[in-house]
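Please find below my notes on the model, set out as numbered points. They are meant to be read beside the sequence and the coordinates.

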Amino acid sequence: MEISSASFVISNTSVENCPKADLPEFAFIGRSNVGKSSLINMLMNQKNLAKTSSKPGKTLLINHFLVNNAWYLVDLPGYGYAKVSIKQRDKLHRMISDYVLKRPNLQCLFVLLDARHQPQEIDLEFLEFLGENQVPFALVFTKTDKCKKTELNLNIENYRNRLLESWESLPPLFLSSAEKKQGKTELLDYLTQILKDLSSQGLE
Ligand code: GTP
Ligand code: MG
């Protein structure tokens, strides 16, 4: 897919104020600092479209970007960031779950996992929550450039096995590196297919 335009639309603290849900939408979620905003910039060929930071807790709002005047990409705050007050963390978690449950045009939620790590409870719990609520999702392993190939394969195999303990089948799974621009074609092809299916069903 060619990205002919991508621009920031609006930031919100609540799903109720998000743009009218009249275009298909894809969102990126995962633990704080996993690389959501960087992945969006990589996919959109822009350095600073979504704000990134080496410190966790950079994205604290629901950020909508309009792509090709046809669909939205959404950058969400990370979950599980320890260095904020419990009240603030609860507020962020409510913002995320409200967004995920109340956005009827959400076609796929990309759940990002750091490729260097073993399966983490907080991610597995979040995936359970998505399953219970039938939210369509795909997994993206990020920062693969920071991982040796053998370590990467082992971590992914561990994740697969862990997921198969509670899931009958695995969701689509992608590997990415914002640093090396890995995964761009695969992710954009996946979005293209979903958009094509929608338009052939007349739901676009
Ligand atoms: P929050 O908004 O705080 O939840 O974080 P985020 O998930 O949006 O992460 P962000 O994109 O801001 O990236 C966090 C840090 O990881 C930044 O220092 C990025 O440069 C770095 N980073 C992101 N993706 C990659 C990657 O693929 N490879 C490497 N080496 N670093 C990455
Ligand atoms: Mg971010």
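**Notes on the model**

1. Leaving out residues up to four places away in sequence, Tyr-72 touches Val-9, Pro-19, Lys-20, Leu-23, Pro-24, Glu-25, Phe-26, His-64, Phe-65, Leu-66 and Asn-105, where contact means heavy atoms within 4.5 Å. Tyr-72 belongs to strand S4 and is buried, with a relative accessible area of 9%; buried means under 20% relative accessible area, exposed over 50% and partly exposed in between, with a 1.4 Å probe and protein chains only. From Tyr-72 to Gln-120 the separation is 48 residues in sequence and 29 Å in space, C-alpha to C-alpha.

2. The model is predicted, so that local features need pLDDT of at least 70 and side-chain atom pairs count only at pLDDT 80 or more, while totals for chains, interfaces and linings use all residues. Residues are numbered from 1 along each chain as its sequence is written, chains are lettered from A and ligands numbered from 1 in the order in which they are written, and side-chain values use heavy atoms, with hydrogens and water left out.

3. Which protein atoms are donors of the magnesium ion (ligand 2)? They are Ser-37 (OG) and Thr-59 (OG1), lying 2.0 to 2.2 Å from the ion. The pair links distant parts of the chain, 22 residues apart, with Ser-37 in helix H1 (residues 36–43) and Thr-59 in the loop between H1 and strand S3 (62–67); helices (H or I, at least four residues) and strands (E, at least two) are DSSP runs, numbered from the N terminus. Both Ser-37 and Thr-59 are buried. Donors are N, O and S atoms within 2.8 Å of the metal (3.2 Å for Na, K and Ca), and water is not among the atoms, so sites may look incomplete.

4. Asn-41 also lies in helix H1 and is buried, with a relative accessible area of 4%. Its contacts, setting aside neighbours within four places in sequence, are Gln-46, Lys-47, Asn-48, Leu-49, Ala-50 and Thr-52.

5. Two asparagines deserve a look at their backbone. Most residues other than glycine have a negative phi. Asn-45, although not a glycine, has a positive phi of about 60°; Asn-45 sits in the loop between H1 and S3 and counts as exposed at 52% relative accessibility. Asn-68 likewise has a positive phi, of about 50°, and is found in the loop between S3 and strand S4 (71–75), where Asn-68 is partly exposed, with a relative accessible area of 22%.

6. In the largest nonpolar core, which has 31 residues, Tyr-99, Leu-109, Val-111, Phe-126 and Leu-130 touch the most other members; such a core is a set of buried Ala, Val, Leu, Ile, Met, Phe, Trp, Tyr and Cys residues joined through side-chain atoms within 4.5 Å. Two or more residues of this core come from each of strand S2 (25–30), helix H2 (86–102), strand S5 (106–114), helix H3 (121–132), strand S6 (137–142) and helix H4 (149–164), and the largest share, five residues, comes from H2. Not counting residues up to four places away in sequence, Phe-126 touches Ile-29, Tyr-79, Ile-96, Val-100, Leu-109 and Val-111. Apart from this core lies another, of 27 residues, among them Ile-3, Ala-50, Val-67 and Leu-112.
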